[in-house]
Amino acid sequence: MTSNSPAGRSTSLRNSLGSASGVATDKAAFDRIENWVFDLDNTLYPARCHLFAQIDARMSSFIRERLDMSPEEARKLQKAYYVQYGTTLSGLMIEHKIAPDDFLAHVHDIDVSHLPENPLLAAGINALEGRKFIFTNGSVAHAENVLGKLGIDAGFFTDIFDIRAAEFTPKPHRQTYEKFLEAGRIKPARAAMFEDLAHNLEAPHALGMTTVLVCDDVKWFADEPAKKRPASLEDDHGDHIHHVTDDLTGFVQHLAGNKPTSHKPSGHKPPA
């Protein structure tokens, strides 16, 4: 498959940010980007933090309690719906008429206290020239909870486009990306998307966005299908991936030019 992005495909930027020539090439590939789109879970924080393990366990407990199933039956159904519908929530809504707010409130009632603050990432995101967005299959409330613990001001972002804004049709469905682009009045050729799941970058690539895969070599749930696990540097990522990094903070700091920044929050406002 041939990339739709003029940026082409770069070598991986590791913790050292690569060689001087490689860094310069990668930075130049982003010169035309004016919209910076970030996934939330396992992207803005490393998958090895295992925050999502709490969400995963609470999905299982919700299904067990709501559908009166054994732990084994609930777990099997949870993963089956995730594969078939893109999110477990979508399957529950379609097959069992579950109210989405009940599910979201339950699964996002988690402890984020172990997430480390990341002031360098916050400064890097703030310094990127252009608009910034969060695009998540979670909720706005969950995004704000995570951002707050990471020390990243939600005001840096023009919008947090969540599963409600997507009308509960999750990534990786192409129509959800189209809805996101339309809502933000974003030209795909002027946008870069950062994600931890390679298959969630197939539609952005096809639409003409620059894609950045955020990797973490972490042991994941044994019953999770391979393409649904956070990406590893050793994976065969495919030609729809233009850039690969296992150090989002360093990557963003480099793109921002490590410039001193002043806090100028604009755009996204928490719901009243």
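A polar contact is a pair of N or O atoms within 3.5 Å; inside a protein, one of the two must be able to donate a hydrogen and the other to accept it. Keep that in mind, since two asparagines in this predicted model each make one through their side chains: N35 reaches R131, and N118 reaches T249. Let's start with how far to trust the model, then visit each residue.

**Confidence**
- The protein chain has a mean pLDDT of 85, and 82% of its residues score 70 or more.
- Residues 1–25 are a weak patch, with pLDDT below 50. The model still gives this stretch 51 contacts beyond near neighbours in sequence.
- Residues 259–272 also have pLDDT below 50, and here the model shows 31 contacts beyond near neighbours in sequence.
- So go easy on the fine print there: where pLDDT is low, predicted coordinates should not be read in detail.

**N35**
- You'll find N35 in strand β1, which covers residues 35–38.
- Is N35 buried or exposed? N35 counts as buried because its relative accessible area is 3%, and the cut-off for buried is under 20%.
- Its side chain pairs up with the side chain of R131 in a polar contact of 3.0 Å.
- Skipping neighbours within four places in sequence, N35 touches R131, F133, I186, R190, A191 and A192.

**N118**
- N118 sits in the loop that links α5 (100–107) to α6 (119–127).
- Which side chain does the N118 side chain join in a polar contact? That would be T249, at 2.9 Å.
- With neighbours within four places in sequence left out, N118 is in contact with L150 and T249.

Note on methods: Residues numbered from 1 in each chain as written. Predicted model: local features only at pLDDT ≥ 70, side-chain atom pairs only at ≥ 80, totals over all residues. Heavy atoms only, no water. pLDDT = per-residue confidence, 0-100. Contact = heavy atoms within 4.5 Å. Helix = DSSP H or I, 4+ residues; strand = E, 2+ residues; numbered from the N terminus. Buried < 20%, exposed > 50% of the residue type's maximum accessible area, 1.4 Å probe, protein only.
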